[in-house]
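The following paragraphs lead the reader through one structure, from an enclosed space to the parts around it. Please keep the sequence and the model in view while reading.

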Amino acid sequence: MYKQEAPFTVKLEFTEGCNLKCVFCGIHGIREKPGNFKFFTPRLAARIAEQIREAGWNSKIECAMHGEPLMNPKYLEIIRAMRANMPNQIMVSSNSIGLARPPGIKQSLADLFDTGLNVLVIDCYDVAEKVWSQILDLAPEDVIVSPYPGGPSPNKRFPKTQKHIILIEDLAHARSEDEDGVQSGKLGNRIITNHIGAAAPVSSDLPWAKRCARPFRELSVRYDGQVLLCCNDWRGEFRCGDLRKEHIRDVWQNAQFRAARKALYHKERNAIDVCSKCDNVSFRVGLLPDKKGKAELGRPTRKDRDIIKQAERGRSMTTAVLRPWEK
C-alpha cells in the first residue's frame, strides 16, 4: 500500500478566535464577534512535537489557522515546549496586535526569537499599522526583516540558523467581489478563498475538475488536537483523527486521509462535501501524490466513499455561525 510522504507543513491552531474580523475571512462563519477564544496548550504542543521527532519528519511548523496565535496567553510556553522536543522550523503567522501588549513590541519580539521561533510572518492589516510600522526599528539585530511581495515567500522553508520577519501587504487590498458576493483576489501566491462558504458565497464556478494538494502536503491540527482534512475547513466538518489519543504518524496514513487523497487525486472533489464547496486552487498538482509525481493512487472505491461519509458525519467541531447565503 502506498504511504504518503511526510507533510511539508504541519499547521497548529494556537488560538481559535481572533481580535479582528477581516471581511474576507472565515472567522465570520465561527464567531459573531471577537472573543470566546479557545487555546492550544503547552502540554499538547510538547506531545505533538515529540511525535513529529519520533516520526522523523522535517516538516515546517506553522502556527496560524483559525485565529490570532498571539492571543494565546501561553504562546511563549508553547514555542518553548516545541523547541525542546524537535529541531524543525517554527513559524508564527500573526496580525501583530498582540505584540503591543506588555512587555511591549521590542521585548515581545526578542522573547519570541529567544524562545525558539525561526520565522514571524505579519499580515500588515491597516488596523495594525501602528504596530507593524515600528517593527523594522525594534526587531532584534540578528533578525532579517523583509516585505512580501518583493521579498522571500512565507511559504518557503528557511535555514534553521536564520531568523526572519516577513511583512505581508494587507490582503484586503487585493480583494474584489462580484454582484453575487463571491470574492476573489491574489497577492503573490496568497489567494483569497471562500473558506468553504464560511467567508463568502459558494461560486457556481468551482474547480471541481482540478486536483487539490493540501491533504498531500499539509496536516492541520485544531487547538484541541483534532486533525482536519485541511486548514480551509474552518468549522471542522471532516474528522481525520485526534492527536490527544493517536500518533501523528498513524493519523497521516489513516483511512480518512487515504480515501480523501484518492478522490482529490482523481479530480473527484464532489465526493467530499467540504471539498465540493471549496474554491481553493493548488500549485504543482502534477507533483502528486509524491513530490516527484511518480507514484499512483487507485480510484476511490465504495469503501473509500463510505469512509469519507463517516468522516463527515455528525456536528461540526466548532458551532457554525450561518452566513446570509447559508440561511
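The largest cavity holds about 110 Å³ of space. On a 1 Å grid over the protein atoms alone, a cavity is a set of points where a 1.4 Å probe fits but cannot get out, and its lining residues have an atom within 4 Å of a point; points are joined across faces, edges and corners, and a volume is the space filled by probe spheres set on them. The structure is a predicted model, in which local features need pLDDT of at least 70 and side-chain atom pairs count only at pLDDT 80 or more, while totals for chains, interfaces and linings use all residues. Residues are numbered from 1 along each chain as its sequence is written, and side-chain values use heavy atoms, with hydrogens and water left out.

Which residues lie closest to the centre of the largest cavity? Of the 14 that line it, these are Cys 212, Leu 229, Cys 230, Cys 275 and Cys 278. Helix 6 (214–217) and helix 9 (273–276) each supply at least two lining residues; helices (H or I, at least four residues) and strands (E, at least two) are DSSP runs numbered from the N terminus.

Cys 278 also appears among the contacts of Asn 232, a residue in the loop between strand 14 (226–228) and strand 15. Asn 232 has 5% relative accessibility and therefore counts as buried (under 20% relative accessible area with a 1.4 Å probe, protein chains only; exposed means over 50%). Leaving aside neighbours within four places in sequence, Asn 232 is also in contact (heavy atoms within 4.5 Å) with Thr 193, His 195, Ile 196, Arg 214 and Asn 280.

The largest nonpolar core has 64 residues, of which Met 82, Leu 99, Leu 120, Ile 165 and Ile 272 touch the most other members. Such a core is a set of buried Ala, Val, Leu, Ile, Met, Phe, Trp, Tyr and Cys residues joined through side-chain atoms within 4.5 Å. Helix 8 gives the most to this core, with 6 residues. Beyond four places in sequence, the contacts of Ile 272 include Leu 229, Phe 238 and Ile 308.

Ile 308 belongs to helix 10 (residues 302–311), whose buried residues are Asp 304, Ile 307, Ile 308 and Ala 311. They cover an arc of only 100 degrees around the axis, so they lie on the same side of helix 10; the arc is that of the directions from the helix axis to the C-beta atoms. These buried residues pack against strand 15 (239–242) and helix 8 (255–265). On the other side of helix 10, Arg 302, Lys 303 and Lys 309 are exposed.

Note on methods: On a 1 Å grid over the protein atoms alone, a cavity is a set of points where a 1.4 Å probe fits but cannot get out, and a pocket is an open set with protein on both sides within 12 Å along at least five of seven lines; lining residues have an atom within 4 Å of a point.
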